[in-house]
Amino acid sequence: MDLQILLRAALEEARLGLHQGGLPIGSVLADQQGRILARGHNLRVQSGDPTAHAEVVCIRNAGRRRDWSQLTLVSTLSPCVMCTGTSLLYRIPRVVIGENQNFLGAEELFRQHDVDLTLVQDPECIQMMREFIRDHADLWNEDIGK
């Protein structure tokens, strides 16, 4: 499985969200061979749904499944507690995080549940979020409940 290809796909989703006037956070869900099964980006602003974070949207887009325990979730940003909880609910065993410098999510909760975490610290993920937070602090604070 090529994690860089999956992270690039999540970044495409993040850019799509940004171009739609939302937050630049993207996610993909892949099988053990690295095939992308679902995609999602933060739609909270676009939809008015406070739960429409990238990872939750991606998991919703995956539909009904029975193979969750064989999948990998990739996100451009460290998942918040809601997104972490959704991943844990479906027992997704592997999570790839693009960056956690701009926001440290519930990574410790993943570790407590023996989720295999890979932290990339991708420069493009870091820069995109840094610029968004600088330019749209109000939307960012709303997204994280501040």
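Q: What distance does α6 reach from its first C-alpha to its last?
A: This is a predicted model with residues numbered from 1 along each chain as its sequence is written; local features need pLDDT of at least 70, side-chain atom pairs count only at pLDDT 80 or more, and totals for chains, interfaces and linings use all residues. Side-chain values use heavy atoms, with hydrogens and water left out. Helices are DSSP runs of H or I of at least four residues, strands are runs of E of at least two, and both are numbered from the N terminus. The expected span of a helix is 1.5 Å times one less than its number of residues; for the 13 residues of α6 the expected value is 18 Å, and the reach is close to it, at 18 Å.

Q: Which residue caps the N-terminal end of α6?
A: A polar contact is a pair of N or O atoms within 3.5 Å; within protein, one must be able to donate a hydrogen and the other to accept it, and residues adjacent in sequence count only if both atoms are side-chain atoms. At α6, the backbone nitrogen of E124 lies 3.0 Å from a side-chain oxygen, and the residue that supplies this oxygen is D122.

Q: Against which helices do the buried residues of α6 pack?
A: Buried means under 20% relative accessible area, exposed over 50%, and partly exposed in between, with a 1.4 Å probe and protein chains only. In α6 the buried residues are C125, I126, M128, M129 and F132. With contact taken as heavy atoms within 4.5 Å, these residues pack against α1 and α7 (137–143).

Q: How far apart are the end C-alpha atoms of α1?
A: Helix α1 covers residues 3–19, and at 1.5 Å a residue its 17 residues should span 24 Å. The model agrees with this expectation, because the end C-alpha atoms are apart by 24 Å.

Q: Which residue supplies the side-chain oxygen at the start of α1, and which residue with a positive phi follows the helix?
A: At the start of α1, the backbone nitrogen of Q4 has a side-chain oxygen within 3.0 Å, and this oxygen belongs to D2. After α1 comes a residue with phi near 90°. The two residues are thus D2 and G21.

Q: Which helix gives the most residues to the largest nonpolar core?
A: A nonpolar core is a set of buried Ala, Val, Leu, Ile, Met, Phe, Trp, Tyr and Cys residues joined through side-chain atoms within 4.5 Å. The largest one has 14 residues, of which L29, W68, L73, I92 and V95 touch the most other members. At least two residues each come from α3 and β4 (94–97), and the most, three, come from α3.

Q: Which residues does I92 contact, leaving aside its neighbours within four places in sequence?
A: I92 is one of the members that touch the most others in the largest nonpolar core. The residues in contact with I92 include the fellow core members L29, W68 and L73. The full list is L29, I59, W68, L71, T72, L73, S87 and V115.

Q: Is E107 buried or exposed?
A: E107 belongs to helix α5 (residues 107–112). Its side chain makes a polar contact of 3.1 Å with the side chain of N100, and, not counting residues up to four places away in sequence, E107 touches S78, I97, N100 and L117. Because its relative accessibility is 4%, E107 counts as buried.

Q: What is the relative accessibility of Q121?
A: Most residues other than glycine have a negative phi. Q121, in the loop between β5 and α6 (123–135), has a positive phi of about 55° although it is not a glycine. Q121 counts as partly exposed because its relative accessibility is 26%.

Q: What is the relative accessible area of D114?
A: D114 lies in the loop between α5 and β5 (116–119). Its phi is positive, near 60°, in a residue other than glycine. D114 is exposed because its relative accessible area is 71%.

Q: What is the radius of gyration of the chain?
A: The chain has seven helices and five strands. Its radius of gyration is taken over C-alpha atoms, and the globule rule is 2.2 Å times the number of residues to the power 0.38. For 146 residues the rule gives 15 Å, and the chain is close to that, so it is as compact as a globular protein of that length, with a radius of gyration of 14 Å.
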